[in-house]
Amino acid sequence: MNLMLLSRRPVASLYDCVSERSAAVVISHYSSSFGLASRLLAEPVRTHIRSAYALVRVADEIVDNPDPALGHGPRATMLSWLQADVRHALQTGYSANLVVHAFARTALACGIDEELVGPFFESMRMDLEPTVITPESFERYVYGSAEVVGLMCLRIFLAGDRAYDYDRLAPGARSLGAAFQKVNFLRDLADDHDTLGRSYFPGLDVNQFCDDDRDRILDDIAADLDAAAAVIPELPSSSRRAVRVGHATFAELAARLRATPAAEIRRTRVRVPDTVKVRLVAAALYGSRS
């Protein structure tokens, strides 16, 4: 990262503002749950989080777009272009891609560098080359696709505040990212397998998916959620409530998945109703003022 550039970064221009609003539009259309939770973030944390997640969504779209006419070659090229653009923007602070430009502004302001960006793109590239998943490759994929996103968020939450110990909080951030990813793997089991031809959990035969498989996966997710919950009270007040909502939403999803027969999970996507999401937000707002 170009620290000299960071120290000279000018006040936000019109282009900067448009890029950040573009990132917010991406998030609002791709994730209602995230959009709801992000409203609890104080500024500038809210804008930075949206800018980081918008890049994640664009990369996901490249590898997950179900259009069969968009073959492996074009996808791989697009992903390489996106990664190269991000690297260039981290050096210069600028990109002609509005989402990349917004991400670069956040990265430069909050200390997100190639150490986190590189593994993310490595995991995205793994989605383009479906292979037999081993415990080792699963761990590597989850780290790059989810745990580093949790670490990016932690960088944003703690930016400029020396009162917080990033290294001490990092394991909890990684656990929360991993829990989110594994819950999504489980609730998207049918679509990932039938539409995208993927099966993420090592040793799992999706066609033979049973309640024991469901419970084994959810036990692992529960351990991740517990590890994340332990550090949420130590986050800055500017982000604590929003993270609680995110954690509570995925804990609710995990509970609903455990109550759903495996055969149904294999066919349909389990969701948290909007009324329940509103209740979770209310609990974060009024259940605790800390």
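## A walk through the helices, starting at Gln 83

Select Gln 83 and show its surroundings: leaving aside residues up to four places away in sequence, Gln 83 touches Glu 114, Phe 121 and Arg 125. Keep in mind as you click around that this is a predicted model. Turn on side chains for Gln 83 and Arg 125, and you'll find a polar contact between the two side chains at 2.9 Å. Gln 83 sits in helix H5, which covers residues 72-92. Is Gln 83 buried or exposed? With a relative accessible area of 8%, under the 20% cut-off, Gln 83 counts as buried. Now add Val 117 and put a distance label between the C-alpha atoms: Gln 83 and Val 117 are 8.6 Å apart in space, with their positions 34 residues apart in sequence.

Next stop, the loop between helix H3 (32-38) and H4, where you'll find Pro 44. Check omega on the peptide bond from Glu 43 to Pro 44: the value is near 5 degrees, a cis bond.

Carry on into H4 (residues 45-64) and select H8 (residues 135-158) along with it. Their axes come within 9 Å and cross at roughly 160 degrees. That angle is over 145 degrees, so H4 and H8 are roughly antiparallel. Look at the handedness too: H4 passes H8 in a right-handed crossing. To see the contact itself, show Val 45, His 48, Ile 49, Ala 52, Tyr 53 and Val 56 on the H4 side, which meet Val 149, Cys 153, Ile 156 and Phe 157 on H8.

For another helix pair, pick H2 (residues 14-30) and H6 (residues 98-110). Here the axes are 8 Å apart and the packing angle is about 105 degrees. That makes H2 roughly perpendicular to H6. Switch on the side chains at this contact: H2 brings Tyr 15, Asp 16, Val 18, Ser 19, Glu 20, Ser 22, Ala 23 and Val 26, and these meet Leu 98, Val 99, His 101, Ala 102 and Arg 105 in H6.

Finish at H9, residues 166-187. Start with Asp 165, which caps the N-terminal end of H9: one of its side-chain oxygens lies 3.1 Å from the backbone nitrogen of Asp 167. Then run a distance from the first C-alpha of H9 to the last; the 22 residues reach 31 Å, close to the 32 Å expected at 1.5 Å a residue. How many residues of H9 are buried? Colour by accessibility and you'll get 17 of the 22, so H9 is largely enclosed by the rest of the structure.

How values were computed. Residues numbered from 1 in each chain as written. Predicted model: local features only at pLDDT ≥ 70, side-chain atom pairs only at ≥ 80, totals over all residues. Heavy atoms only, no water. Helix = DSSP H or I, 4+ residues; strand = E, 2+ residues; numbered from the N terminus. Expected span 1.5 Å × (residues − 1). Buried < 20%, exposed > 50% of the residue type's maximum accessible area, 1.4 Å probe, protein only. Polar contact = N/O pair within 3.5 Å; in protein donor to acceptor, adjacent residues only side chain to side chain. Axes fitted to C-alpha atoms, helices over the stretch in contact; angles between N-to-C directions. Parallel < 35°, antiparallel > 145°, perpendicular 65-115°, else oblique. Left-handed = near helix turned anticlockwise from the far one by under 90°. Contact = heavy atoms within 4.5 Å.
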